[in-house]
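This report covers helix packing, helix geometry and the surroundings of one side chain. The structure is shown first.

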Amino acid sequence: MEIKQMQYFLCLAEEKNVTRAARRLNIVQPALSMQIARLEAELGQKLFDRSVHGMTLTSAGETLLRLTAPIVRDAEYARQEMAQLGGRISGRVSVGLITSVAQSTMASSSATVASRYPEIILSACEGYTETLIDWVNSGQLDFALINVPHRRTPLAAHQVIDEEMVFACRRNGPIKPPAKLRFDHIADFDLVLPSKRHGLRLILDEHAAAVGIDLRPRLELDTLPALCDVIATTNFATVLPTIALRQSLAGGTIRAHRFDEQRIVRSIAWVHHPRRTVSVAAKAVLDVISHDLAEAAASARTFVEPASRGSTSSSRKLRQRPARE
């Protein structure tokens, strides 16, 4: 089994489509199909299930992915390090990001990487924290930016930023949170929150348990831009990190309020496999993303308001109002 075959196999496993994989590898489709057929013949295992919907890994393919991904990453790292000796930063970097980070900074970060490091090929994806941990651990990603997990992981973690989570509602809506807004007050509102699959929801559920309330949102949405649209057009409320709300706050469609007594903070960290060296190219990409993330968080904080004058009793009446005007 050659490195080139491993690279072809990994690319097809990621793209799940022969046409896209061949285009990414800059080869013709028959050449890719031939290499995969040779690999399957050599190993005596079927690696892909083929259908009209694309290519999916078999159980044998999943095993090969786990075994070969670190090898290909190490070979790529060696190539990058040798290129650096000539003063160039180059190579392929695969990064995973939680949704709130990807949707707030990835467009600007990828543009900066493309401009500043023209020899870096950047591959980025988004996902849940637990999924990204698994992909970094298996070698499918060089590193990932995640919500700091509560469980121990086999990965090395490095904190990037602490970010405040705030109460948000429609800017011109009827919701008037109490002057001294506490986290337990959110039980008085019709809520739309991420589902329990989402790392942000785990943070909220933990705080809810600490103050003795049970979060029962009327809507659960894991797509954060859609969640923000719901907040901007209805009488629902939410609690999210400031960067997830940044575009809506800047656009003036929602308003956000800090909690008075206890700040709710989510921590973002980048993780990598402790036995795999982070390449110079990966470090360059990480520096760009971390810088853009810090700027986005600082910008979002400027839009957050202190709690408005109101009362808890007035907020309780909102349950009887229709969710959409």
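In this predicted model, helix 9 (residues 242–251) packs against helix 10 (residues 280–301) at an angle of about 60 degrees, and their axes are 8 Å apart. Because angles of 65 to 115 degrees count as roughly perpendicular and those under 35 degrees as roughly parallel, helix 9 is oblique to helix 10. The crossing of helix 9 and helix 10 is left-handed. On the helix 9 side, the contact is made by Thr242, Ile243, Arg246 and Leu249. Their partners in helix 10 are Leu293, Ala296, Ala297, Ser299, Ala300 and Arg301.

The geometry of helix 5 is set out below.

| Feature of helix 5 | Value |
|---|---|
| Residue range | residues 99–116 |
| Number of residues | 18 residues |
| Reach, first C-alpha to last | 24 Å |
| Expected at 1.5 Å a residue | 26 Å |
| Kink centred on Thr105 | about 60 degrees |

The reach of helix 5 is close to the expected value, although the helix has a kink centred on Thr105. Thr105 is itself buried. Other buried residues of helix 5 include Thr99, Ser100, Val101, Ala102, Ser104 and Met106, as well as Ser109 and Val113.

Is Arg201, in helix 7 (residues 199–211), buried or exposed? Arg201 has a relative accessible area of 1%, so it is buried. Leaving aside neighbours within four places in sequence, Arg201 is in contact with Leu193, Pro194, Ser195 and Lys196, and also with Leu215, Pro217 and Glu220.

Conventions. Residues numbered from 1 in each chain as written. Predicted model: local features only at pLDDT ≥ 70, side-chain atom pairs only at ≥ 80, totals over all residues. Heavy atoms only, no water. Buried < 20%, exposed > 50% of the residue type's maximum accessible area, 1.4 Å probe, protein only. Contact = heavy atoms within 4.5 Å. Helix = DSSP H or I, 4+ residues; strand = E, 2+ residues; numbered from the N terminus. Expected span 1.5 Å × (residues − 1). Bend = angle between axes of the 7 residues up to and from the residue. Axes fitted to C-alpha atoms, helices over the stretch in contact; angles between N-to-C directions. Parallel < 35°, antiparallel > 145°, perpendicular 65-115°, else oblique. Left-handed = near helix turned anticlockwise from the far one by under 90°.
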